[in-house]
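Let's look at a protein model together and ask how its features get their names. Have the structure open as you read.

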Amino acid sequence: MAAMTREETEALIQEVLEVYPEKAKADRAKHLAINDQSLEKSNKCITSNRKSLPGVMTIRGCAYAGSKGVVWGPIKDMIHISHGPVGCGQYSRAGRRNYYVGTTGVNTFGTMNFTSDFTEKDIVFGGDKKLAKCIDEIETLFPLNKGISIQSECPIGLIGDDIEAVSKVKNKEYNKTIVPVRCEGFRGVSQSLGHHIANDAIRDWVLENRDGDESFPTTPYDVAVIGDYNIGGDAWASRTLLEEMGLRVVAQWSGDGTIAEIEKTPKVKLNLIHCYRSMNYIARHMEEKYNIPWIEYNFFGPTKIAESLRRIAAHFDDTIKEGAERVIKRYEAEYEAVIAKYKPRLEGKRVMLYIGGLRPRHVIGAYEDLGMEVVGTGYEFGHNDDYDRTIKEMGNATLLYDDVTGYEFEEFVKRVQPDLVGSGIKEKYIFQKMGVPFRQMHSWDYSGPYHGYDGFAIFARDMDMTINNPCWKSFKAPWKTEATESEPVKAVA
């Protein structure tokens with residue numbers, strides 16, 4: 001299918017909106033847009049970070065997911081209590097593939113589920129005593145933990161339990177960092193508020209722990225990697241490049257990270273932000289309080305890797321600048337071989353994305369390095385500053401969709417007819433059954449890493465393996481079938 005014009009994209013949006021009642025139609029129209037690279041601010045074309053409409057199939061998560069599942073959960077030497085009914089903790093356990101080094105159950109706990117297992121009795125009489133008992137049991141059974149976070153589920157906020165008081169008492173009793181996190185799922189409009197709440201909890205309960213402590217020896221080349229959750233080993237691939245150019249990575253937030261690394265972060269010279277959405281709050285705080293500058297970086301695909309390495313090096317002396325050029329040169333033959341192998345098989349293929357965090361914009365360059373084109377992208381829980389960073393990456397007249405509904409996404413895919421869809425687990429099997437090649441781009445479909453030069457080779461292989469898999473010859477996408485579908489039934493208000 002040829003690239004769509006601006007008029008065709010506008011007509012597509014209007015066609016998809018027709019199914020809604022007038023009020024819902026007017027609301028959803030604000031979240032669907034045609035990309036315009038001439039704009040400096042995305043709020044002139046798209047609305048974001050608003051409550052999802054009741055009755056639509058949103059793909060978002062909750063504040064608990066943003067805190068426990070994204071920010072706190074990967075900190076490997078802390079134990080994270082899912083405080084509430086058992087389901088939230090079990091559903092969020094180990095699903096994101098946050099790799100770490102350690103002995104699980106002894107000095108690392110990332111893939112374990114700790115829950116206070118609320119019942120009706122706890123709702124009626126309160127759960128503070130049960131929480132205190134949980135902490136006592138943890139200290140008996142897992143004495144090598146370095147701290148505990150209490151991740152509040154919805155009932156905790158509704159019944160008014162005082163998790164802060166319990167935390168303070170147990171902190172004094174065990175002389176360990178115990179952090180109450182008010183991330184009840186009903187807060188905010190998506191998991192994005194959970195990120196913010198988690199950042200604030202780190203600020204208030206952890207970050208100042210080593211203020212005034214000068215025992216940690218620093219160097220002029222100390223950096224922290226923030227917002228890399230080591231999905232499939234991503235943070236390790238990124239750290240390799242940074243260390244090869246001469247930098248010292250003091251902390252990883254929070255994939256394969258420790259509470260000690262977080263406490264040492266105020267000592268670094270530069271914060272490197274990978275996932276802007278989930279960690280920009282703490283980066284801004286450290287800039288204000290500790291005068292630590294921060295920059296975003298993108299290690300997806302050789303073009304963006306080179307740009308990021310040079311931008312990072314610009315904050316240091318010639319030693320690091322020369323190191324960046326040395327790293328880029330070292331991997332040149334490797335990534336050129338990857339492009340030579342896969343670009344002929346992937347060139348011209350069209351991709352539609354719908355993901356969270358940074359991926360809707362960060363992976364665009366990696367696809368372009370392989371000759372592919374991203375023709376639609378959107379965020380589950382993005383804010384307008386995310387779209388500000390996206391409109392320059394996308395081509396003109398391409399689709400932008402915020403908090404896209406299940407219906408809208410399916411209809412866009414049917415009309416645009418991409419060669420590949422990259423989204424999450426909830427969408428994966430829908431599109432595969434439609435005959436559309438699909439990659440699960442939240443946790444790399446059980447592959448990875450995708451960061452760095454080594455990760456680019458895996459990324460290219462996976463995209464080729466997906467699009468050119470012979471299984472797609474066994475059934476056809478909806479637009480390739482001869483049967484005509486009836487018009488969608490207009491919803492009744």
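**Reading the labels**

In this predicted model, Pro 449 sits in the loop between β14 (438-440) and α21.

Q: What kind of peptide bond runs from Gly 448 to Pro 449, and what is its omega?
A: That bond is cis, with omega near 0 degrees. Another cis peptide bond joins Trp 253 and Ser 254, where omega is about -5 degrees; Ser 254 belongs to strand β7 (residues 248-254).

Q: Why are α13 and α21 called roughly antiparallel?
A: The axes of α13 (residues 302-313) and α21 (residues 452-467) cross at roughly 165 degrees. Angles over 145 degrees count as roughly antiparallel, so α13 and α21 earn that description. Their crossing is right-handed.

Q: Which residues make the contact between α13 and α21?
A: From α13 come Pro 302, Ile 305, Ala 306 and Leu 309, and from α21 come Gly 452, Tyr 453 and Phe 456. By class, this contact has 6 nonpolar, 1 polar and no charged residues. Gly counts as polar, so Gly 452 is the polar one.

Q: What makes the phi of Asp 403 worth pointing out?
A: Phi is near 45 degrees, a positive value in a residue other than glycine. Asp 403 lies in the loop between β12 (399-401) and α19 (406-416).

Q: Where else does Asp 403 appear?
A: Asp 403 helps line the largest cavity, together with residues including Arg 28, His 31 and Lys 51. About 30 Å³ of space lies in that cavity, and its lining has 2 nonpolar, 3 polar and 4 charged residues.

Definitions and conventions
Residues are numbered from 1 along each chain as its sequence is written. This is a predicted model: local features need pLDDT of at least 70, side-chain atom pairs count only at pLDDT 80 or more; totals for chains, interfaces and linings use all residues. Side-chain values use heavy atoms; hydrogens and water are left out. Axes are lines fitted to C-alpha atoms, for helices over the stretch in contact, and angles run from 0 to 180 degrees between N-to-C directions. Helices (H or I, at least four residues) and strands (E, at least two) are DSSP runs, numbered from the N terminus. Angles under 35 degrees count as roughly parallel, over 145 as roughly antiparallel, 65 to 115 as roughly perpendicular and the rest as oblique. A crossing is left-handed if the near helix is turned anticlockwise from the far one by less than a right angle, and right-handed if clockwise. Contact means heavy atoms within 4.5 Å. On a 1 Å grid over the protein atoms alone, a cavity is a set of points where a 1.4 Å probe fits but cannot get out, and a pocket is an open set with protein on both sides within 12 Å along at least five of seven lines; lining residues have an atom within 4 Å of a point. Grid points are joined across faces, edges and corners, and a volume is the space filled by probe spheres set on the points.
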